[in-house]
2 protein chains.
Amino acid sequence: MNFLELVKKRQSCRKYLPGIIKKETMVRCLEAARLAPSACNSQPWHFIVVNTPEIKDNLAEKAFSGIYKMNAFAKQASALIVVVRERSQFSAKLGSYFRGVQYSLIDQGIACEHLILQAEEEGLATCWIGWFNEKAVKKFLGVPKIQKIDTIISIGFAENTEIRNKIRKDILEMADFK
Amino acid sequence: MNFLELVKKRQSCRKYLPGIIKKETMVRCLEAARLAPSACNSQPWHFIVVNTPEIKDNLAEKAFSGIYKMNAFAKQASALIVVVRERSQFSAKLGSYFRGVQYSLIDQGIACEHLILQAEEEGLATCWIGWFNEKAVKKFLGVPKIQKIDTIISIGFAENTEIRNKIRKDILEMADFK
């Protein structure tokens with residue numbers, strides 16, 4: 001599968017079949033994230049991989065209740081990966097300050113997408129989730145209050161592997177050539 | 001080449017050989033970015049592909065002079081891709097507001113890395129650049145002052161294709177298993 005095929009195959013999965021993800025598969029997904037580039041090589045990320053069914057179910061209850069219920073589908077996934085934002089290196093922080101851009105978020109996008117694309121290559125399905133009860137997740141996992149959790153990735157076995165058409169802007173709408 | 005091989009092969013390139021990137025190659029790179037996921041499918045990005053040598057040289061002069069000179073290497077690249085942050089959709093903006101996270105930056109990380117990995121697969125070399133004279137770049141390209149340019153990607157033909165060892169945190173340092 002070439003890279004464009006992989007990109008076309010990746011899609012948000014919100015219906016999962018039960019199944020256990022082998023640790024070596026998960027490690028390969030993390031390895032893809034680990035090798036991601038980041039501003040000043042800061043690697044401002046920490047992944048909490050919740051792969052034990054009972055812990056995952058409890059976490060999902062905390063994360064996706066009340067106003068966050070629209071993402072309750074994630075409980076059916078085999079695992080949840082909680083992405084904690086880590087501090088950037090001094091030089092990256094300085095750059096962010098002077099340029100007015102939180103490069104640690106761009107970095108997180110890169111690393112998580114590496115993980116997600118590796119999962120896709122492993123035959124797993126994923127979903128980026130940004131809407132969850134962060135406070136409850138932190139309390140449950142013992143993550144200090146001052147830290148920030150931007151993303152949870154659900155990962156598991158897709159109920160339906162049919163590739164949906166991706167609705168996107170036309171290439172001429174998203175790019176200019178000079 | 002499988003995905004992990006592609007990820008290992010991608011590295012920041014700061015020495016380029018001259019050469020012209022075919023438009024169809026560039027379009028495939030943009031296509032990979034176009035298909036990237038984003039919060040509420042906002043696609044908050046616009047790519048200005050500067051592929052004409054004289055324009056690219058002038059742009060590089062503006063972008064990488066004075067305190068930004070450390071990135072003057074980028075002038076040697078065949079093309080520069082200027083990434084303009086676009087407004088997110090209302091639902092994504094609302095989510096960002098309530099969650100305190102600029103999801104448009106995570107989205108930009110994903111889309112640009114798609115572009116970069118496709119370029120790698122095409123045999124091209126790239127570099128993520130966050131340190132440049134944004135004001136001068138906007139003026140030169142006619143980008144409105146209120147818009148934000150977070151990233152420039154240099155893209156071209158690597159002088160040295162030898163794969164360097166990536167210095168990264170150990171997997172157990174960047175991840176916990178529960």
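**A tour from strand S3 of chain B to helix H5 of chain A**

Begin in this predicted model by selecting S3(B) together with strand S5 (residues 148-158) of chain B, where seven bridges join the two strands, which run antiparallel. Within this pairing, pick out B:Ile81 and look across to S5(B), where B:Ile153 is the bridge partner.

Next, keep S3(B) in view and add strand S2 (residues 45-50) of chain B, which is joined to S3(B) by six bridges and runs antiparallel to it. Select B:Phe47 here, and the residue that stands opposite in S3(B) is B:Val83. As you follow the side chains, bear in mind that in a regular strand they alternate between the two faces of the sheet.

Now show the surroundings of S3(B), residues 79-85: six of its seven residues are buried, each having 20 or more other C-beta atoms within 10 Å of its own, and the strand is therefore largely enclosed by the rest of the structure.

Move to chain A and select helix H5, residues 103-121, whose 19 residues reach 27 Å from the first C-alpha to the last, close to the 27 Å expected at 1.5 Å a residue. This helix is mostly covered, since 18 of the 19 residues of H5(A) are buried. Just after H5(A), stop at A:Gly123, which takes a positive phi of about 85 degrees.

Finally, display both chains: a turn of 180 degrees, with a shift of 0.0 Å along the axis, lays chain B on chain A with an RMSD of 0.0 Å. The two copies are thus related as by a two-fold rotation axis. The same surface serves both copies, in that 100% of the contact residues of chain B recur in chain A.

How values were computed: Residues numbered from 1 in each chain as written. Chains lettered and ligands numbered in written order. Predicted model: local features only at pLDDT ≥ 70, side-chain atom pairs only at ≥ 80, totals over all residues. Least-squares fit on C-alpha atoms with pLDDT ≥ 70 in both. Contact = placed C-beta atoms within 7 Å. Buried ≥ 20, exposed ≤ 12 C-beta atoms within 10 Å, placed from the backbone. Helix = DSSP H or I, 4+ residues; strand = E, 2+ residues; numbered from the N terminus. Pairing = 2+ DSSP bridges. Expected span 1.5 Å × (residues − 1).
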